[in-house]
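This report describes the overall fold of a single chain and then turns to the surroundings of one residue. The sequence and structure are shown first.

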Amino acid sequence: MAKTFTLYLATSPYSYENTVTSLKIAESALKKGHAVNVIASGDGIYCFLKGQKAKGIANAEEKFGELISKGLKVYL
């Protein structure tokens with residue numbers, strides 16, 4: 001039975017590892033066939049700027065784009 005996961009991202013991609021954690025959770029849930037939503041607010045919006053670097057990821061916006069093509073829904 002597929003479930004829906006909703007993640008709230010409100011921290012900047014370069015200050016904390018929350019962006020990386022959100023990406024990993026979203027990717028894993030999508031691979032298992034679940035629906036995933038990401039709500040970005042405040043500094044979390046910066047994760048979606050072109051070329052934005054995150055701790056441990058060269059390009060957060062590009063990685064989120066890959067997950068969007070796999071079904072991730074993003075709300076800014």
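## Charge, fold and one residue

The chain carries 10 positive and 6 negative charges, and the mean positions of the two sets lie 7 Å apart. The model under discussion is predicted.

In secondary structure, the chain comprises 2 helices and 3 strands, arranged along the sequence in the pattern β-α-β-α-β. Of the contacts between residues at least 6 apart in sequence, 72% link residues at least 24 apart. The radius of gyration is 11 Å, which agrees with the value near 11 Å that a compact globule of 76 residues would have.

The table below collects values for the whole chain.

| Property | Value |
|---|---|
| Box filled by the C-alpha atoms, along the principal axes | roughly 35 × 20 × 20 Å |
| Exposed area of the chain | about 4700 Å² |
| Part of the exposed area from carbon and sulfur atoms | 54% |
| Buried residues among the 76 of the chain | 37% |

Asn-37 lies in strand 2, which spans residues 35-40. Is this residue, Asn-37, buried or exposed? Asn-37 has a relative accessible area of 17%; the limit for a buried residue is under 20%, so Asn-37 counts as buried.

The side chain of Asn-37 forms a polar contact with the side chain of Thr-6, at 3.3 Å. Leaving aside residues up to four places away in sequence, Asn-37 touches Thr-4, Phe-5, Thr-6 and Leu-7, together with Leu-72, Lys-73 and Tyr-75. Thr-6 thus appears both in this list of neighbours and as the partner in the polar contact.

Conventions
Residues are numbered from 1 along each chain as its sequence is written. This is a predicted model: local features need pLDDT of at least 70, side-chain atom pairs count only at pLDDT 80 or more; totals for chains, interfaces and linings use all residues. Side-chain values use heavy atoms; hydrogens and water are left out. Helices (H or I, at least four residues) and strands (E, at least two) are DSSP runs, numbered from the N terminus. Buried means under 20% relative accessible area, exposed over 50%, partly exposed in between (1.4 Å probe, protein chains only). A polar contact is a pair of N or O atoms within 3.5 Å; within protein, one must be able to donate a hydrogen and the other to accept it, and residues adjacent in sequence count only if both atoms are side-chain atoms. Contact means heavy atoms within 4.5 Å. The radius of gyration is taken over C-alpha atoms; the globule rule is 2.2 Å times the number of residues to the power 0.38. Accessible areas come from the Shrake-Rupley method with a 1.4 Å probe; for residues, only the protein chains shown count as cover. Lys and Arg count as positive and Asp and Glu as negative; His and the chain ends are not counted. The place of a charge is taken as NZ of Lys, CZ of Arg, CG of Asp or CD of Glu.
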